[in-house]
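Dear colleague,

I am handing over the structure we spoke about, which you will find just below. Please read the notes after it with the structure open beside them.

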Amino acid sequence: METPKTAALYLRAPQNVDNESEALCAQAVALQNYCLKHNIKIAEVFYERRTESAQNQPCRTNLCKNIFNRKLKVDLLLFTQPEVFSETLPDALHLHFILAKFGVTTKAILKPKIIFESLSTHQLC
């Protein structure tokens, strides 16, 4: 029997959402249900509060530092949609490739056609 994977969950309300608490709650439920369905153990949940700048994501920075310093050992970093993880594609890809070096697969669960893990086998020029 395969060992269950362990995941960190990352939640952040996009800038265009009116009710931040409701958006975070909906993301938490979706991610928890996904983990239950796929037998994924949740190591930690990271809630990013809305900031003035979309690029200022201290909780995500903290999450990545914990992975880099091996304080947080996970196989997956799950979020609902790519724009939750990052509002810009270059930033998302940059973090994806860095996290992949630490054995962490990033995945947006609500947009299955956009799976970062499939990018890890390709080289960008």
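What follows is an account of what was found, going from the overall fold to single residues.

Please keep in mind throughout that this is a predicted model. The chain holds four helices and four strands, and along the sequence these elements come in the order β-α-β-α-β-α-α-β. Of its 125 residues, 41% are buried, while the accessible surface amounts to about 7500 Å², with 53% of that belonging to carbon and sulfur atoms. Among the contacts between residues at least 6 apart in sequence, 73% join residues that are at least 24 apart.

The strands may be a good place to begin. Strand β3 pairs with β1 in the parallel sense, over three bridges, and A8 has L77 of β3 as its bridge partner. Strand β3 also runs parallel to β4, to which four bridges join it, and here L78 has K107 of β4 as its bridge partner. Both faces of β3 are covered, since L76 and L78 on one side are buried, as are L77 and F79 on the other.

The interior can be described through its nonpolar cores. The largest of them has 18 residues, and L63, L77 and F85 are those with the most contacts inside it. At least two residues of this core are supplied by each of β1 (6-12), α2 (58-68), β3 (76-79), α3 (82-85) and α4 (89-101), with the largest share, four residues, coming from α2. Another core, of twelve residues, lies apart from it and includes A7, Y34, I40 and L76. The neighbours L76 and L77, which lie on opposite sides of β3, are thus listed in separate cores, L77 in the largest one and L76 in the one of twelve residues.

Helix α2 deserves a closer look. Its residues C59, R60, L63, C64, N66 and I67 are buried, and, seen down the helix axis, the buried residues fall within an arc of 160°, so they line one face of α2. These buried residues pack against β1, β2 (41-48), β3, α3 and α4.

Two backbone positions are worth checking by eye. Most residues other than glycine have a negative phi. R70, however, which follows α2 and lies in the loop between α2 and β3, has a positive phi near 65°. The other position is N39, in the loop between α1 (20-37) and β2, where phi is again positive, near 55°, in a residue other than glycine. With a relative accessibility of 47%, N39 counts as partly exposed, because it stays below the 50% that an exposed residue must exceed.

Finally, which side chain makes a polar contact with the side chain of T106? The partner is H96, at 2.8 Å. T106 is found in strand β4 (residues 105-108), and this residue is buried, because its relative accessible area of 0% is under the 20% limit.

With best regards

Note on methods:
Residues are numbered from 1 along each chain as its sequence is written. This is a predicted model: local features need pLDDT of at least 70, side-chain atom pairs count only at pLDDT 80 or more; totals for chains, interfaces and linings use all residues. Side-chain values use heavy atoms; hydrogens and water are left out. A nonpolar core is a set of buried Ala, Val, Leu, Ile, Met, Phe, Trp, Tyr and Cys residues joined through side-chain atoms within 4.5 Å. Buried means under 20% relative accessible area, exposed over 50%, partly exposed in between (1.4 Å probe, protein chains only). A polar contact is a pair of N or O atoms within 3.5 Å; within protein, one must be able to donate a hydrogen and the other to accept it, and residues adjacent in sequence count only if both atoms are side-chain atoms. Contact means heavy atoms within 4.5 Å. Accessible areas come from the Shrake-Rupley method with a 1.4 Å probe; for residues, only the protein chains shown count as cover. The arc is that of the directions from the helix axis to the C-beta atoms. Two strands pair if DSSP finds at least two bridges between them.
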